[in-house]
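Visitor: I should like to examine this model together with the criteria behind its descriptive terms. May we begin?

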Amino acid sequence: FVTREMNNISSLYSGRIEKLYVKYAYQEVKKGQRLFDVYSPELVSAQENLIYILNNDPNENTLVESAKQKLLLLGFADNLLAAVISTKKVMTTVPVYSKYEGHIHPVETQSVDMNSMGSASKENFQSNKEVPVKEGMYIMMGQTVFNLVNSHKLAVILQIKTEDIAKVHKGLEVEMIIEDNGMTMNGKIDFVNPFFKEGSKTMTAKVYIENSGHNHKVGSLVKAKIKGEEFETLWIPVTALVDLGKEKIVWKLES
């Protein structure tokens with residue numbers, strides 16, 4: 001099994017991480033969960049400018065809209081902007097929420113091919129290992145802070161031998177046996193890679209698996225049997241063939 005969805009969690013603002021709410025590798029994250037708070041001097045200055053205009057010249061619509069637009073361009077969320085306008089108080093720290101769900105992977109592991117890692121290799125990434133991001137650390141706008149791997153969406157990678165490539169296509173039924181627990185499951189080929197990997201004589205195909213119940217582990221090995229196309233054929237014993245030299249014929253009696 002390999003993961004088929006990895007998302008990046010990045011900061012919309014340049015500044016300092018004041019509060020961190022996720023601290024360990026493989027920590028589960030829900031969509032909409034608060035991940036960290038950022039103190040951004042640029043955002044504070046832009047808020048102060050907007051509040052000053054609202055307090056001293058609220059009827060100057062052009063200046064007000066310009067100040068609001070600056071905050072929005074800096075990535076300030078609409079609901080946060082509405083709160084600042086309502087309370088006329090500066091938000092010194094701004095929360096960053098996750099748009100996705102999954103498990104935290106430190107950015108330092110981003111160069112690792114998660115699809116090629118076996119279960120033994122994954123033991124090196126301990127679930128209680130702290131992520132390299134710390135409170136007080138400075139980050140830039142758009143900088144990736146975490147990778148978020150969705151373990152609910154997995155894929156089985158099938159290695160197709162050269163002589164069988166022409167027989168395999170999208171939609172064929174597949175019977176799979178998970179070697180870890182002997183569990184049998186069925187699926188269909190969802191994708192056939194149209195290219196060979198460099199130095200490889202096999203082609204890969206993928207079967208997508210939903211793993212919302214966390215029944216399957218990334219890195220588990222799977223044995224698979226692809227069910228080929230069915231054809232109507234006539235089977236005859238070898239002794240029924242008449243050898244004419246360049247060709248062989250058979251006589252069929254029809255009533």
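Visitor: At what angle do helix α1 and helix α2 pack, and how far apart are their axes?

Guide: The model is a predicted one, in which local features need pLDDT of at least 70, side-chain atom pairs count only at pLDDT 80 or more, and totals for chains, interfaces and linings use all residues. Residues are numbered from 1 along each chain as its sequence is written, and side-chain values use heavy atoms, with hydrogens and water left out. Helix α1 (residues 41-56) and helix α2 (residues 61-73) pack at about 160°, with their axes 9 Å apart. The axes are lines fitted to C-alpha atoms, for helices over the stretch in contact, and angles run from 0 to 180 degrees between N-to-C directions.

Visitor: Why are α1 and α2 called roughly antiparallel?

Guide: Angles over 145 degrees count as roughly antiparallel. The angle here is about 160°, and α1 and α2 are therefore roughly antiparallel to each other.

Visitor: Which residues of α1 and α2 meet?

Guide: From α1, the residues are L43, A46, Q47, N49, L50, I53 and L54; from α2, they are L63, V64, A67, K68, K70 and L71. Contact means heavy atoms within 4.5 Å. The contact residues divide into nine nonpolar, two polar and two charged.

Visitor: What makes β12 and β15 edge strands?

Guide: Three strands form an open sheet in the order β12-β11-β15, with antiparallel pairing; two strands pair if DSSP finds at least two bridges between them. β12 (184-188) and β15 (222-226) each have a single partner strand, so one side of each is left without a neighbour in the sheet. The twist averages 25° from one strand to the next.

Visitor: How many bridges join β11 and β15?

Guide: Strand β11 (residues 173-178) and β15 pair over five bridges in the antiparallel sense. One of the bridge partners in β15 is K223, which is matched with I177.

Visitor: What makes the phi of K88 notable?

Guide: Most residues other than glycine have a negative phi. K88 is not a glycine, yet has a positive phi of about 55°. K88 is found in the loop between α3 (78-87) and β6 (94-97).

Visitor: Why is K88 described as partly exposed, and W251 as exposed?

Guide: Buried means under 20% relative accessible area, exposed means over 50%, and partly exposed lies in between (1.4 Å probe, protein chains only). K88, with a relative accessible area of 39%, is partly exposed. W251, at 71% relative accessibility, counts as exposed. W251 lies in the segment after β17 (248-249).

Key:
Helices (H or I, at least four residues) and strands (E, at least two) are DSSP runs, numbered from the N terminus. Angles under 35 degrees count as roughly parallel, over 145 as roughly antiparallel, 65 to 115 as roughly perpendicular and the rest as oblique. Ala, Val, Leu, Ile, Met, Phe, Trp, Tyr, Cys and Pro count as nonpolar, Asp, Glu, Lys and Arg as charged, and the others, Gly among them, as polar.
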